[in-house]
Every structure is written in structure tokens, then in C-alpha cells.
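Work through the exercises below with the sequence and the coordinates open. Try each task before reading its solution.

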Amino acid sequence: TLFRSPAIPTPPRQFRELPDSGPQECIVRIYIVRGFDLQPKDNNGLCDPYIKISLSKKVVDDRDHYIPNTLNPIFGRMYELNCFLPQEKDLKIAVYDYDTLTRDEKVGETIIDLENRFLSRFGAYCGIPQQYCISGVNQWRDQLRPTQILQNIARLKGSPAPVISDNGTRLRFAGREYTLEEFEANKKLHQHLGPDRKS
């Protein structure tokens, strides 16, 4: 048995919180923005790409939205699927070349391990605006509100939970006090902003 000196601080915990051991129902949002330098598949040296997504037995075939005659398509599409982890963990995203007379050819594909992403300490926050808007083009898209994200960060770091004033204009977190005025100073405020208490 090794005896540790009480003067030496304890090492940080590797796992502060583990997910439930049962299946986790998740909403998976896939943002396909654009493609670069795709492999040509047509005789004219271009291709007509479209997206095909599969997750377990669920398949999203977006053939109707193919982009004609390009190797650098701008898709600008968002897809949403439900799944249960770890049973449905492999998300396959493929790009196909649209053809009217012959069979569509696969341009390329990738497989994403959703269970790995779910257990990662790095959150995927693609497309989250800097202000909490409840409508409009900058509408909040994450499934958690900003206050919930902050509470989760505090819990994972072992810090005290954030304290929010009753009117929602002051917040105390990690030994510092923040005010709504300091964040909104010199910023253009959107007409679609949500209530202070939720943001």
C-alpha cells in the first residue's frame, strides 16, 4: 500500500458525471453546408451532387434537392433524426451523383460515431447565435437554453451553480458577477430577443 502525503492535492476527477446506463433517446441535427472539390462523375467533368443520410434503418434520401453541374456545391440543408444510443450510433452521410438514365453513383461518404460524440466533453454547438432570440432568422436552435448550458458547465467543472437575479439582469458565476448591461453595451439588439430570465 502506498501512502500519499496529505500536503499533495488530490488529482482532478476524470469523470464527474456519467450518463445513464440505459438507452439514451437523442435528437440528431445534421447541418450540411457545402462541399469542396468533389470527384467528377459526369462526362462534362462535373457532377450533380445530393445528400443521402442513414442512421440504423432510417434513411433520408434528398435526391430531389440535387445541385446540378458543380464540384463545389452549396447545400445549406439541415436534417433532423431521432435515435437511441448506443443501439443506433453509426451515422452515415453520403454524397451521390444524380443521373436520370443510369444508376446514381456514390461520390463519397463518411461515418460518424454518435456515441463517441455524445460522451465527448466537447459539445457540438453548430449554429448557435450569440443572443437568445425566440423567433426570426437568429432563433435559438440548441435543445438547451443558455442558462441550462451554463448549469451543465458548472456541474461538469465542479463549480457552484450560477445564481440569477429575480429580474434576470444579473448573474453570479465562478466568483464573478455579470450584468445584462455589460453584454448589451454597444451591440445591436434584435427585435426577436427572448425574455432576460431564460437567456
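The exercises go from the overall fold to single residues, and the model is a predicted one.

**Exercise 1. Overall layout**

Task: State how many helices and strands the protein has, and give their order along the sequence.

Solution. Step 1: count the elements. There are 3 helices and 9 strands. Step 2: read them along the sequence. The pattern is β-β-β-β-β-β-α-α-β-β-β-α. Step 3: look at burial. The protein has 199 residues, and 26% of them count as buried. Step 4: look at the surface. The accessible area is about 14,600 Å², with 51% belonging to carbon and sulfur atoms. Step 5: check the contacts. Among those with a separation of 6 or more, 60% join residues 24 or more positions apart.

**Exercise 2. The largest nonpolar core**

Task: Find which residues touch the most other members of the largest nonpolar core, and which strands supply it.

Solution. Step 1: take the 19 residues of this core. Ile30, Ile51, Ile53 and Leu91 touch the most other members. Step 2: assign the core to strands. E1 (24-34), E2 (49-55), E4 (74-85) and E5 (90-97) each supply at least two residues. Step 3: find the main contributor. E4 gives the most, with 5 residues. Step 4: follow one member outward. Leaving out residues up to four places away in sequence, Leu91 touches Val28, Ile30, Ile53, Ser54, Leu55, Leu81, Thr110, Ile111, Ile112 and Leu114.

**Exercise 3. Aromatic pairs**

Task: Locate the 2 aromatic pairs and describe the geometry of each.

Solution. Step 1: choose the descriptors. A pair of aromatic rings is described by the distance of the centres and the angle of the planes. Step 2: take Tyr50 and Tyr96. Their rings are stacked, at 5.9 Å centre to centre and 25 degrees between the planes. Tyr50 belongs to strand E2 and Tyr96 to strand E5, so this pair ties together parts 46 residues apart in sequence. Both Tyr50 and Tyr96 are buried. Step 3: take Tyr66 and Tyr98. This pair is also stacked, at 3.9 Å centre to centre with 5 degrees between the planes. Tyr66 lies in the loop between E3 (58-61) and E4, and Tyr98 in the loop between E5 and E6 (105-113). The two are 32 residues apart. Step 4: classify their exposure. Tyr66 has 30% relative accessibility, so Tyr66 counts as partly exposed. Tyr98 is buried because its relative accessible area is 17%, and the cut-off for buried is under 20%. Step 5: look for a charge. The charged end of Lys52 sits over the ring of Tyr96, 5.4 Å from its centre.

**Exercise 4. The three-stranded sheet**

Task: Give the strand order of the open sheet that 3 strands form, and name its edge strands.

Solution. Step 1: order the strands. The order is E7-E8-E9, with antiparallel pairing. Step 2: find the edges. E7 (163-164) and E9 (176-179) each pair on one side only. Step 3: inspect E8 (residues 170-173) against E9. They pair over 4 bridges in the antiparallel sense. Step 4: pick a bridge. Arg172 has Glu177 in E9 as its bridge partner.

**Exercise 5. Glu105**

Task: Is Glu105 buried, partly exposed or exposed, and which residues does Glu105 touch?

Solution. Step 1: place the residue. Glu105 is in strand E6. Step 2: classify it. Glu105 has 36% relative accessibility, so it counts as partly exposed. Step 3: list the contacts. Beyond four places in sequence, Glu105 touches Lys41, Val95, Tyr96, Asp97 and Asp99. Step 4: compare sequence and space. Glu105 and Asp42 are 63 residues apart in sequence, and 9.8 Å apart in space, C-alpha to C-alpha.

Terms used:
Residues are numbered from 1 along each chain as its sequence is written. This is a predicted model: local features need pLDDT of at least 70, side-chain atom pairs count only at pLDDT 80 or more; totals for chains, interfaces and linings use all residues. Side-chain values use heavy atoms; hydrogens and water are left out. A nonpolar core is a set of buried Ala, Val, Leu, Ile, Met, Phe, Trp, Tyr and Cys residues joined through side-chain atoms within 4.5 Å. Buried means under 20% relative accessible area, exposed over 50%, partly exposed in between (1.4 Å probe, protein chains only). Contact means heavy atoms within 4.5 Å. Rings of Phe, Tyr and Trp (its six-membered ring) pair if their centres lie within 6.5 Å; planes under 30 degrees apart count as stacked, over 60 as edge-to-face and the rest as tilted. A charge sits over a ring if NZ of Lys or CZ of Arg is within 6 Å of the ring centre and within 35 degrees of the ring normal. Accessible areas come from the Shrake-Rupley method with a 1.4 Å probe; for residues, only the protein chains shown count as cover. Two strands pair if DSSP finds at least two bridges between them.
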